[in-house]
Amino acid sequence: MTFSGTSGNLATYLVDIASGANNSDRLTIGGVLNLTNGFDQILFSGTPEGTISYIGFTTGGNTGTFDFGSAPAGYQFIYGDNNLILEPVPEPSTWIAGALAMGVVGWSQRRRFS
């Protein structure tokens with residue numbers, strides 16, 4: 001499958017994410033998805049839940065990325081070899097909590113071996 005739009009007529013993939021991770025739109029392609037031609041976009045309808053990952057497509061392989069369109073607020077695109085995942089961005093507090101937990105583990109292990 002090839003998305004091939006033009007400067008005045010973008011090829012568009014519209015994904016409905018309003019119905020949750022299990023029911024959101026997912027494009028399944030047995031072959032390769034080609035996004036290298038330019039002038040393609042991804043758009044979303046609905047508001048993501050905030051903690052759920054959404055799979056936009058699964059393929060037999062893919063090349064390129066969407067040229068236009070952005071992930072909803074608080075989300076990022078993860079292009080895998082055979083899929084596109086709309087993944088929530090961890091909040092800074094999650095990173096801080098993880099760093100503190102690792103510091104406590106390191107400190108307790110250091111004391112253990114002393």
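This report describes the fold, the strand pairing, the nonpolar core and the internal space of one protein chain.

The structure is a predicted model, in which local features need pLDDT of at least 70 and side-chain atom pairs count only at pLDDT 80 or more, while totals for chains, interfaces and linings use all residues. Residues are numbered from 1 along each chain as its sequence is written, and side-chain values use heavy atoms, with hydrogens and water left out.

**Overall fold**

The protein chain contains one helix and eight strands, and from the N terminus on these elements follow the order β-β-β-β-β-β-β-β-α. Helices (H or I, at least four residues) and strands (E, at least two) are DSSP runs, numbered from the N terminus. Of the 114 residues, 25% count as buried, where buried means under 20% relative accessible area, exposed means over 50%, and partly exposed lies in between, with a 1.4 Å probe and protein chains only. Among contacts (heavy atoms within 4.5 Å) between residues at least 6 apart in sequence, 71% join residues at least 24 apart.

**Strand pairing**

Two strands are taken to pair if DSSP finds at least two bridges between them. Four strands form an open sheet in the order 2-5-8-7, with mixed pairing; its edge strands, each pairing on one side only, are strand 2 (27–28) and strand 7. A hairpin of three residues links strand 7 to strand 8. The table gathers three of the pairings together with one bridge from each.

| Strands | Sense | Bridges | One facing pair |
|---|---|---|---|
| Strand 7 (residues 75–79) and strand 8 | antiparallel | five bridges | Gln76 and Glu87 |
| Strand 2 and strand 5 | parallel | two bridges | Leu27 and Phe57 |
| Strand 3 and strand 6 (residues 61–64) | parallel | four bridges | Leu33 and Asn62 |

In a regular strand the side chains alternate between the two faces of the sheet. Strand 3 follows such a pattern, since Leu33 and Leu35 point to one face and are buried, while Val32 and Asn34 point to the other and are not. In the loop between strand 3 and strand 4 lies Phe39, which has a positive phi of about 60° although it is not a glycine; Phe39 is partly exposed, with a relative accessible area of 34%.

**The nonpolar core**

A nonpolar core is a set of buried Ala, Val, Leu, Ile, Met, Phe, Trp, Tyr and Cys residues joined through side-chain atoms within 4.5 Å. The largest one has 15 residues, and those touching the most other members are Phe3, Tyr13, Leu33, Ile42, Phe57 and Phe66. At least two residues of this core come from each of strand 1 (11–16), strand 3 (32–35), strand 5 (54–58) and strand 8 (83–88), with strand 1 giving the largest share, three residues. Leaving aside residues up to four places away in sequence, Phe66 touches Phe3, Tyr13, Leu35, Asp40, Gln41, Ile42, Phe57, Tyr79 and Leu84.

**Internal space**

On a 1 Å grid over the protein atoms alone, a cavity is a set of points where a 1.4 Å probe fits but cannot get out, and lining residues have an atom within 4 Å of a point. Grid points are joined across faces, edges and corners, and a volume is the space filled by probe spheres set on the points. The structure holds one cavity of 30 Å³ or more, and the largest cavity contains about 70 Å³ of space. Its lining has 13 residues, of which Phe44, Tyr54, Ile55, Gly56 and Leu86 lie nearest the centre; strand 4 (40–45), strand 5 and strand 8 each give two or more residues to this lining.

Terms used:
1 Å grid on protein atoms, 1.4 Å probe; cavity = no way out; pocket = protein on both sides within 12 Å on 5 of 7 lines; lining within 4 Å.
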